[in-house]
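Reader: I should like to understand the terms used to describe this structure. Please set each term against its definition.

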Amino acid sequence: MLRALDAAHVRRWAVACVQSLDAHRESIDRINVFPVPDSDTGTNLLHTMRAALDALLRAPAPARTDAGAALTALARGALTGARGNSGVIASQFLRGAADALQQVSTITGTGLRAALAGAAERAGAALADPVPGTMISVLSAAAAAADAEPSDELADVVAAATAGAAAALEETPRQLAVLAEAGVVDAGGRGVVVMLDALVAVVTEQPAALAAAQRASRERVVAAHYTYTARESGSDEFAYEVMYLLENVAHDGDPISRLRDTLVGLGDCVSVVGDGAGLWTVHVHCNDIGAAIEVGVETGRPHQIRVARFADAPSAEASRFVKDRAVVVPARSTELADLLISEGVTVVRVDGPDTETAYRLLEVITGTGASHVSVLPADAGLMEVADEASIRAVAAGQDVVVVPCASPVQVLAAVAVHDPRRRAADDVVAMAEAAAATRRGEVVVSTEAAITWIGACAAGDVLGMADGEVVLIEPGPADVAALDRAACGVVERMLGMGGELVTALLGAGAPDELAGELTDYLRREHPETELVVYHGGQPDAVLILGVE
C-alpha cells in the first residue's frame, strides 16, 4: 500500500487510465446520450489520456522528476490532444490537480485532497453553461468526499473519493431527464469513475491493467436498456462540432471572454480553456462553422482545427493492426523459448533486465501487429522490463496487459489456458488466475555463504526454495544425491498444500539422473500425482518446479 505518489507513480496512473479506458471504451460509448448522442465519450477520453501520457513520456527529464511536474506534463498533453467535451473537461481536471501541486515532489493523502479540489474547480469552470448530472457533478462529488474523509492516509482519501464519485454517478439519471429516459448513467461521469478506479489500483499496488480487465469481464454492458451505436443525430439545434487550439492571443482587454461570449451566441457546449502558458483549447457545437473559426482568427492564431458533422457516421480509420490477439513471453533460455513457440506464443530471448531488453521487447510487442497483447514475463526479474515496454506500447495505442508471473512454470500454466476465442479481458483474467494458482519451487546451488530464513548456508550447498523462500538446505557438494534430496524435499512440501500436477523444468546444469529420481519418488510417495518434465535450459536453477 503506497503512502505517497511520486513521479513514477503518476506515470503509472496515467498508463492505468489509458488501459482502463481502453477496456471500458465501448461500454462508455454505448451510454453516451448527453449533451449529444454521438457514442464517442469513451473514445474521446481514451484519445485525450493517450495524448497526456505521450506528452509525459516525451517530456525532458527535469519535467518528470517530481509528481507535480509530471501532472503538469500530463495536463498540457491532455489539453493539446483533447477530443470532445469530455476530453476538454479531463484536461482541466488534470490542470487543476497540477496547479494545486506545483513543485510538490510526492503526493500524500492531504495533497490528493487539495488536488481533487483544484481539479473539480477547474473542470467546473471549463464549460460556459454546466448542468448537474454530468461528468462535472461526479468530479465535484469525488472532491467533496475526499474533503470529508477524516483520515489523511493516501489510500483512505482515494477510496473515499472513488466511492463518492460512484455514488454521484448513480444519481445522474435523477438529475438529467435524458439519462433517465435512456436508462443509463452519464458517460463522462463513468469515465471519471474508471480513472479513479485506476488510481485505487496504483495506490493499492495492484496490476492496474489486470484490474481493468477483471472489471471489464464482469461488466458486459453498463446500460442494459440502451444500445445506441451510431452518430445518427446531433443536437436538436446544432449540426457540427468545432474544435481548435489557439495561440498568440492578444493582450488588450479580455479577448478570451469575448471569444467565449461570441461562441455562446453561435451554439452550445462551449468551452475555452487554457494551460496557463498561452495555449487554449476551443470547443463548440454550432451550425456556422466559418463564424466559429473566424472569431478564433480575430482572437489569436487557431490551428489543429477539427470539424465533425453529427449526422455523419464516424469514418473508419485504417487499422495498423492485422490481428486481434497475441501472447508475448520474454524468456532467458533457448529451450524454454522453443517450448513456448511450439504452443503458438511469440517469444523474445533476453539476457537481463535492462533498458536494451525493454526496447527489444517493445519491438516484439509492436511487431506482432495485434491490437491486444498479453505479456507473460518468465521470471520476477523481468516484470519491470515488461512493465516499461508495455507503457510505451500503450502510449502508442496498443492494448497491452502484463500478466504477473514469477516463474516459467507459471507462464506455462497461463499459456495452457489461453484461448483466443474468448473476449480479450476474459482471456487475460483466465491466464492470470492460472498463473496465480501455480505454486513455484526451485533447486539452486548457493554461490556464496549467506544467512537464510532457516539458517546459514555455505557456497556449494544445495538450496530448496518454495514460492521464493528457502525451505531446506542440503550441505554440499552438489552431487546427484544432494540435488535429488533437495528436489524431493521441495516437492513434498509443496504437495503438502495439495496438488495434482507437478511440472519440472531441468536447468542447463541438471544431471541426467535427476528426472528419473523425481519420477520414482512421486510414483512411490504420491502415485495420484502426474509429473511432466521438460528441458528448460535455465542457467541459474538446477530445477524449477510448479504444482497445480
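Author: One definition is needed at the outset: a residue is buried under 20% relative accessible area, exposed over 50%, and partly exposed in between. The model discussed here is a predicted one.

Reader: Why is Ala 144 called partly exposed?

Author: The relative accessible area of Ala 144 is 46%. The limits for the class in between are 20% and 50%, and Ala 144 is therefore partly exposed. Ala 144 belongs to helix 6, residues 135-148. Its C-alpha atom is separated by 7.6 Å from that of Ala 117, and the two residues are 27 residues apart along the chain.

Reader: How do you know whether Cys 269 counts as buried or exposed?

Author: Cys 269 has a relative accessibility of 17%. The cut-off for buried is under 20%, so Cys 269 counts as buried. This residue lies in strand 2, residues 267-274.

Reader: What is notable about the phi of Cys 269?

Author: Most residues other than glycine have a negative phi. Cys 269 is not a glycine, yet its phi is positive, at about 50°. Asp 467 also has a positive phi, near 50°, and is a residue other than glycine. Asp 467 is located in the loop between strand 12 (462-466) and strand 13. With a relative accessibility of 40%, Asp 467 counts as partly exposed.

Reader: Which peptide bond is cis?

Author: The bond from Gly 476 to Pro 477 is cis, with omega near 10°. Pro 477 is found in the loop between strand 13 and helix 18 (480-495).

Reader: Why are helix 7 and helix 9 called roughly antiparallel?

Author: Helix 7 (residues 154-175) and helix 9 (residues 187-203) pack at an angle of about 160°. Angles over 145 degrees count as roughly antiparallel, and the two helices are therefore described in that way. Their axes are 9 Å apart, and helix 7 passes helix 9 in a left-handed crossing. Among the residues that make the contact are Leu 154, Val 158 and Leu 169 of helix 7, and Val 193, Leu 196 and Val 203 of helix 9. By class, the contact has 12 nonpolar, two polar and two charged residues.

Reader: What makes strand 16 largely enclosed by the rest of the structure?

Author: Strand 16 comprises residues 543-547, and five of the five are buried, so the strand is largely enclosed. Leu 543, Leu 545 and Val 547 point one way from the strand, while Ile 544 and Gly 546 point the other way; all are buried.

Reader: With which sense does strand 9 pair with strand 16, parallel or antiparallel?

Author: Strand 9 (residues 439-445) pairs with strand 16 in the antiparallel sense, over five bridges. Two strands pair if there are at least two bridges between them. Within this pairing, Val 443 has Leu 543 as its bridge partner. Strand 14 (residues 501-506) likewise pairs with strand 16 in the antiparallel sense over five bridges, and there Leu 506 has Leu 543 as its bridge partner.

Reader: Why is the pairing of the six-strand sheet called mixed?

Author: The sheet is open, with the order 13-12-9-16-14-15 and mixed pairing. Strand 14 and strand 16 pair in the antiparallel sense, whereas strand 14 and strand 15 run parallel and are joined by six bridges. In the parallel pair, Val 502 stands opposite Leu 531.

Reader: What makes strand 13 and strand 15 the edge strands?

Author: Strand 13 (469-474) and strand 15 (530-535) each pair on one side only. The twist of this sheet averages 20° from one strand to the next.

Reader: What is the order of the open sheet of four strands?

Author: Its order is 6-5-7-8, and its pairing is parallel. The edge strands are strand 6 (346-349) and strand 8 (399-402), and the twist averages 25° from one strand to the next. Strand 5 (residues 323-331) is joined to strand 6 by four bridges, and Val 329 has Val 347 as its bridge partner. Helix 13 (residues 334-341) packs on the sheet, touching strand 5 and strand 6.

Reader: How do you know that helix 16 is mostly covered?

Author: Helix 16 (residues 408-417) has eight of its 10 residues buried. They include Pro 408, Gln 410 and Val 415.

Methods
Residues numbered from 1 in each chain as written. Predicted model: local features only at pLDDT ≥ 70, side-chain atom pairs only at ≥ 80, totals over all residues. Heavy atoms only, no water. Axes fitted to C-alpha atoms, helices over the stretch in contact; angles between N-to-C directions. Parallel < 35°, antiparallel > 145°, perpendicular 65-115°, else oblique. Left-handed = near helix turned anticlockwise from the far one by under 90°. Contact = heavy atoms within 4.5 Å. Nonpolar A, V, L, I, M, F, W, Y, C, P; charged D, E, K, R; others polar. Buried < 20%, exposed > 50% of the residue type's maximum accessible area, 1.4 Å probe, protein only.
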